[in-house]
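Trainee: Could you pick one spot in this protein and give me a close look at it? Then please carry on from there, so I can see what the parts around the chain are up to.

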Amino acid sequence: MPIVSLLRERRFLVMLALGFAAGVPLPLTGFVLRQWFSESGISLAAIGFTALIGLSYSLKFLWSPVIDHAAPPMFRRLGRRRGWLASIQPPLILAILALGLTDPARSAALTAGVAVLVAFLSASQDIVVDAYRIEILEEEQQGYGFACYVWGYRFALLAASGGGLALVGTIGWSGAFAYCAALVAIGFVAVLFAPEPAAAAPAEPMGWARRVRTAVIDPFADFMKRRYWLAILLFVGLFKLGEALAGIMTAPFYREIGFSRGEVAAVGSVFGLFMTLGGVLAGGWFVSRIGTGRALVITGLAQMLSNLMYVALYSTGRDMGMLYAQVGVENFTDGLADAAFVTYLTALTNRAFSATQYALLSSLAAVPLRFLGGWSGQLAEWLGWRSFFLLTTAAALPALCIMLWLLKRLPPPPRVPAEQLVPVPET
């Protein structure tokens, strides 16, 4: 579909705006928050435990049946999906404003508590946006709709992370968070002008027990019937462990070396974003050329070895050229690995439960990752930066070993058309 046609279709523009609104809160409870904590003199151990703030993104399947089936608390005249979005977004905007009014130097616990609320509301917004996208678009439009969502999401990460950090020096932290809250309002405006999906045909009435069984238990029960299901779960849960341990500590690491907030925003957010997108596109081409299995092995190794660039940066100290090299290599290889990883997971799901299984498995896989990532600050304090990043490199080895074992016994389809590979935003 030509780009001009995409821009003329209101539903695609709505998905672009909703993707933007969904992407803004993520760095505010992640990288931006850790940068703020680092500048406030918070210990590395405490900064590491900010990884737990994002548990809402991993556990959102627990309350998704409520949002999926219950009537919205406000704005019911907008319909079920738009009513829920319009009910969630104003509290999310207020929560982001409140987060900027806290002071982590005086009460880090209060700041973290408000950040948990922001993450919960953001995850709830994601639930509705995903349901809206599925219902408002025809099957043949889903690929383009999801692409619009992803690009809006990615540019929101740039606006909130790079843009927000760049504004702190001018308008302060509270002003930067107010700016990000205003960005979420773009999604609220889009909701007001968006079409409501056609109401589904009345279904057989279901009690909450049956709804939970249908939404959660049945997809897992089906997945557990396949061979080596436990090994698959271990692989999914460990594949991003090394990257997660390193990523949580990047903000205090860059600050300790001597890079300014503006330099981190320009290189880590702006340059890093485009390297990630380039990596995803290259990864899609790579998978289509050599097959998912071989691509998964090669890109997984590249992702693991990219953590050694942190060691190289630590050895050179404050060197802008090396910072660009480290950020570029890390983000590009992460994008490469994501393309192969998502393709492999998609091939494993049962078509009867494809969306539900993928959502549940990917969400649950991030739970141990966030819990283990919470200890990254204590590990960095105990080991020192060089040994810590060497450990994050080695942390990827168990997943690679499980992956090789699985690929030998459950080989994926050899080739996937490149046009089916779409970059997936990380939560």
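Mentor: Start with Thr 393 and look at what it touches: setting aside residues up to four places away in sequence, the list is Met 304, Asn 307 and Leu 308. Keep in mind that this is a predicted model. You'll find Thr 393 in helix α21, which covers residues 385-394. Is Thr 393 buried or exposed? Its relative accessible area is 8%, and since buried means under 20%, Thr 393 counts as buried.

Now zoom out for a second. The protein chain has 22 helices and zero strands, so helices are what we'll be talking about. Of its 427 residues, 54% count as buried. Then take the contacts between residues at least 6 apart in sequence: 83% of them join residues at least 24 apart.

Next, hop over to helix α2, residues 10-23. With 14 residues at 1.5 Å a residue, α2 should span 20 Å, and its end C-alpha atoms are indeed 20 Å apart, so the two agree. How many of its residues are buried? That's 11 of the 14, which means α2 is largely enclosed by the rest of the structure. Among the buried ones are Arg 11, Met 15, Leu 18 and Phe 20.

Let's stay with Phe 20, which sits in α2. Phe 20 has a relative accessible area of 15%, and because the cut-off for buried is under 20%, Phe 20 is buried too. Leaving out residues up to four places away in sequence, Phe 20 touches Gly 152, Tyr 153, Phe 155, Ala 156, Ala 159, Leu 183 and Ile 186. Here's a neat pair to find on screen: Phe 20 and Ala 160 are 140 residues apart in sequence, with their C-alpha atoms 10.0 Å apart in space.

α2 also has a partner helix, α9 (residues 108-136): their axes are 10 Å apart and pack at an angle of about 165 degrees. Angles over 145 degrees count as roughly antiparallel, so that's how α2 and α9 run relative to each other. Their crossing is left-handed. On the α2 side, the contact includes Arg 11, Val 14 and Leu 18, while the α9 side includes Gln 125, Val 129 and Tyr 132.

That Tyr 132 turns up again with Arg 81, a residue of helix α8 (residues 80-101). Beyond its neighbours within four places in sequence, Arg 81 is in contact with Tyr 132, and its other contacts include Asp 68, Glu 135 and Glu 196. Arg 81 is buried, with a relative accessible area of 4%.

What about the nonpolar cores? The largest has 82 residues, and Val 24, Ile 96 and Tyr 254 touch the most other members. Helix α10 (residues 142-193) gives the largest share of this core, 18 residues. Apart from this core lies another one of 23 residues, including Phe 223 and Tyr 344. Ile 96, leaving aside neighbours within four places, is in contact with Leu 28, Val 118, Phe 177, Cys 180, Ala 181 and Val 184.

Tyr 254 takes us to our last stop, as one of the buried residues of helix α14. Six of the eight residues of α14 (residues 250-257) are buried, so α14 is largely enclosed by the rest of the structure. Just after α14, check out Gly 258, which takes a positive phi of about 125 degrees.

Terms used. Residues are numbered from 1 along each chain as its sequence is written. This is a predicted model: local features need pLDDT of at least 70, side-chain atom pairs count only at pLDDT 80 or more; totals for chains, interfaces and linings use all residues. Side-chain values use heavy atoms; hydrogens and water are left out. Helices (H or I, at least four residues) and strands (E, at least two) are DSSP runs, numbered from the N terminus. The expected span of a helix is 1.5 Å times one less than its number of residues. Buried means under 20% relative accessible area, exposed over 50%, partly exposed in between (1.4 Å probe, protein chains only). Contact means heavy atoms within 4.5 Å. A nonpolar core is a set of buried Ala, Val, Leu, Ile, Met, Phe, Trp, Tyr and Cys residues joined through side-chain atoms within 4.5 Å. Axes are lines fitted to C-alpha atoms, for helices over the stretch in contact, and angles run from 0 to 180 degrees between N-to-C directions. Angles under 35 degrees count as roughly parallel, over 145 as roughly antiparallel, 65 to 115 as roughly perpendicular and the rest as oblique. A crossing is left-handed if the near helix is turned anticlockwise from the far one by less than a right angle, and right-handed if clockwise.
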